[in-house]
Amino acid sequence: MTKIIFPSDEHFPFADEDARLLAMTIARDFNPDVRIAGSDGVDFYTLSQFDKNPDRAKSIDYEVDAWARGQREWQTATPNAMAIFIIGNHEFRLQRYLWRHQEIATLEALQITKFMRLDELGIVYEDTRHEMANQEVRFGDLVIKHGSLVRKHSAYSARGELEKEFYQVNTLSGHTHRGGVSYAKTRNGVVQGVEGFCLCDLNPPYVHNPNWQQGTVFATVDEDDGSVFFEPILFRRRIGEIYAHWRGNEYRIKTNKPL
């Protein structure tokens, strides 16, 4: 069996540290073999083409430094996991910026492997010059990607990712900041599409009361037949705590954030 954790959409420096700590606490007990890194791990807020709040903007170095510290925390929490980087649309902002500035586009120090210190952090990345369509990894009958669809309701985007794959494989994706599972029965058995929640702030200044959920997803892949077993873990809040249940245990982190 290959055990995988997908802590998607941290969006440093706008990560929710309480949610991250809860995810890492549960991950220690899961002890995964593979950890997916990236998938909108860095926000790259200053590189966005949208209007930006100057009070929210941080330097690019600040964002990457925060993400690198977060990766070291994940390394401590999941010491036996191989980390694999998947680029998300927010990390892709760096490449789009370079495309608009051809005079610096080929500088090695600005390529994502160097700029985000992936080698230094021991994170595996197949550098395809950041063409988004190629950013995925596969284990047996499971394809893990950041995702490109955002539909209105929970699991609708997961269903869309299954449709894009013609229901031939199971999919695990981020991007929507929601959790959800979509099932489809095919002639070869049931396939599942899973949305991977988020670990970022649920109250950003650019959208009011978004329909987002925090959590993480574990996946176990049978190396013999490629079959996949998912464990989506939803995080909940009550006064003074963020908590989750997994395999009959309750995990709790104290927090000062509102419900």
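**Exercise 1. A network of charges**

Glu-10, Glu-17, Arg-20 and Glu-73 are linked in a network of salt bridges. Let us explore this predicted model, where local features need pLDDT of at least 70, side-chain atom pairs count only at pLDDT 80 or more, and totals for chains, interfaces and linings use all residues. Residues are numbered from 1 along each chain as its sequence is written, and side-chain values use heavy atoms, with hydrogens and water left out.

Task: Find which parts the salt bridge of Arg-20 and Glu-73 ties together.

*Solution.*
- Step 1. Recall the idea: side chains of opposite charge can pair when their charged atoms come close.
- Step 2. Apply the rule, in which a salt bridge is a side-chain nitrogen of Lys or Arg within 4 Å of a carboxyl oxygen of Asp or Glu. The side chains of Arg-20 and Glu-73 meet at 2.8 Å, N to O.
- Step 3. Place both residues. Arg-20 sits in helix α1 (residues 17-30) and Glu-73 in helix α2 (residues 60-77), so their pair ties together parts that are 53 residues apart in sequence. Helices here are DSSP runs of H or I with at least four residues, strands are runs of E with at least two, and both are numbered from the N terminus.
- Step 4. Check the cover. Buried means under 20% relative accessible area, exposed over 50%, and partly exposed in between, with a 1.4 Å probe and protein chains only. Arg-20 is buried at 0%, while Glu-73 is partly exposed at 37%.

**Exercise 2. Two more salt bridges**

Task: Work out whether Glu-241 is buried or exposed, and do likewise for Arg-252.

*Solution.*
- Step 1. Glu-241 forms a salt bridge with Arg-238 (2.8 Å, N to O). Glu-241 has a relative accessible area of 13%, so this residue is buried; Arg-238, at 30%, is partly exposed.
- Step 2. Arg-252 meets Glu-250 in a salt bridge of 3.6 Å, N to O. With 52% relative accessibility, Arg-252 is exposed, and Glu-250 is partly exposed at 36%.
- Step 3. By the rule, the count comes to 18 salt bridges.

**Exercise 3. A strand with two faces**

Task: Sort the residues of strand β5 (residues 136-139) by face, then follow the chain into β6.

*Solution.*
- Step 1. In a regular strand the side chains alternate between the two faces of the sheet.
- Step 2. Val-137 and Phe-139 make up the covered face of β5, and Glu-136 and Arg-138 the uncovered one.
- Step 3. β5 runs antiparallel to β6 (residues 142-145), joined by four bridges; two strands pair if DSSP finds at least two bridges between them. Opposite Glu-136 stands Lys-145 in β6.
- Step 4. Two residues lie between the strands of this hairpin, where Gly-140 takes a positive phi near 55 degrees.

**Exercise 4. Backbone surprises**

Task: Which peptide bond is cis, and where do Asn-31 and Phe-44 lie?

*Solution.*
- Step 1. Most residues other than glycine have a negative phi, and most peptide bonds are trans.
- Step 2. The bond from Phe-12 to Pro-13 is cis, with omega near 10 degrees. Pro-13 is in the loop between β1 (2-6) and α1.
- Step 3. Asn-31 is not a glycine, yet has a positive phi of about 55 degrees. Asn-31 belongs to the loop between α1 and β2 (34-38) and is partly exposed at 32%.
- Step 4. Phe-44, also not a glycine, has a positive phi of about 50 degrees. Phe-44 lies in the loop between β2 and α2 and is buried at 0%.
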